[in-house]
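The following note sets out points for a colleague who is examining this structure at the bench. It proceeds from the overall fold to individual residues.

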Amino acid sequence: MLVQREIERRGIPTVSMSVARDVSAQVRPPRVVFAPFMMGHHFGVPFHRELQRRMILEALDHLVHAQKSGEIRVVPITWAQARKEGRAIEEQMR
């Protein structure tokens, strides 16, 4: 988060991707997109391009529309839903 703050001080807006809302709320980076996913799966599950694209678009949109420092945007998808969709994608690939 220190690097993010330094980048912001230089006039470049940033956004963090998080799967640990409590940590993000405590550290308060300038902008956060939170997904209730498993640790290490900030963009969802492997091969789920649609979800990964959605996460990137959420981050870019939040970068533009966040109203205040420390604002957390919650992506309304559960890990169970993401994993279920991911399994279906993997099945189609076989």
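1. Helices and strands are here DSSP runs, numbered from the N terminus, with at least four residues for a helix (H or I) and at least two for a strand (E). On that basis the elements of the chain run α-β-α-β-α-β-α from the N terminus on, which gives four helices and three strands. The model is a predicted one.

2. Overall dimensions and packing come next. The C-alpha trace spans about 50 × 25 × 20 Å along its principal axes. The chain has 94 residues, of which 33% count as buried. Its exposed area is about 6300 Å², and carbon and sulfur atoms supply 56% of this. Among contacts between residues at least 6 apart in sequence, 52% join residues at least 24 apart.

3. How many salt bridges does the model contain? The count comes to eight. One of them joins arginine 10 to glutamate 6, with the closest N and O atoms 3.3 Å apart. Arginine 10 is exposed, at a relative accessible area of 65%, and glutamate 6 is partly exposed, at 32%.

4. A further salt bridge deserves attention for the elements it connects. The side chains of arginine 31 and glutamate 8 meet at 2.5 Å, N to O. Arginine 31 belongs to strand β2 (residues 31–34) and glutamate 8 to helix α1 (residues 2–9), so this pair ties together parts that are 23 residues apart in sequence. Is arginine 31 buried or exposed? Arginine 31 has a relative accessible area of 14% and is therefore buried, the limit being under 20%. Glutamate 8, by contrast, is partly exposed, with a relative accessible area of 21%.

5. Arginine 83 and glutamate 90 also form a salt bridge, with an N to O distance of 3.6 Å. Glutamate 90 counts as partly exposed, at 22% relative accessibility. Elsewhere, salt bridges that share partners join Arg54, Glu58, Asp61 and Arg73 into one network.

6. Within that network, glutamate 58 can be described further. Glutamate 58 is found in helix α3 (residues 49–65) and is buried, with a relative accessible area of 17%. When its neighbours within four places in sequence are set aside, the contacts of glutamate 58 are Val33, Arg73 and Val75. Arg73 thus appears both in the salt-bridge network and among these contacts.

7. Helix α3 also holds leucine 57. The side of the model to inspect here is a nonpolar surface patch of about 350 Å², made by Phe43, Ile56, Leu57 and Leu60. Leucine 57 itself is partly exposed, with a relative accessible area of 41%.

8. Helix α4 (residues 79–93) has 15 residues. From its first C-alpha to its last, helix α4 reaches 21 Å, close to the 21 Å expected at 1.5 Å a residue. Which residues of α4 are buried? They are Trp79, Ala82, Arg83 and Gly86. These residues cover an arc of only 95° around the axis, which puts them on the same side of α4. As background, an α-helix has 3.6 residues a turn, so residues three or four places apart point the same way. The other side of α4 carries the exposed residues Ala80, Lys84 and Gln92. The cover over the buried residues of α4 includes α3. Arg83 is thus buried while its side chain meets that of glutamate 90 in a salt bridge.

9. Two backbone positions should be examined individually. Arginine 28 has a positive phi of about 55° although it is not a glycine. Arginine 28 is found in the loop between α2 (21–27) and β2, and counts as partly exposed at 45% relative accessibility.

10. Where does phenylalanine 47, the other such position, lie? Phenylalanine 47 is in the loop between β2 and α3. Its phi is positive, at about 75°, although phenylalanine 47 is not a glycine. Phenylalanine 47 counts as partly exposed, with 48% relative accessibility.

Notes: Residues numbered from 1 in each chain as written. Predicted model: local features only at pLDDT ≥ 70, side-chain atom pairs only at ≥ 80, totals over all residues. Heavy atoms only, no water. Salt bridge = Lys/Arg side-chain N within 4 Å of Asp/Glu carboxyl O. Buried < 20%, exposed > 50% of the residue type's maximum accessible area, 1.4 Å probe, protein only. Contact = heavy atoms within 4.5 Å. Patch = residues over 30% accessible without salt bridge, like charges linked within 9 Å, V, L, I, M, F, W, Y side chains within 5 Å. Areas by Shrake-Rupley, 256 points an atom, 1.4 Å probe, with all protein chains shown as cover. Expected span 1.5 Å × (residues − 1). Arc of directions from axis to C-beta.
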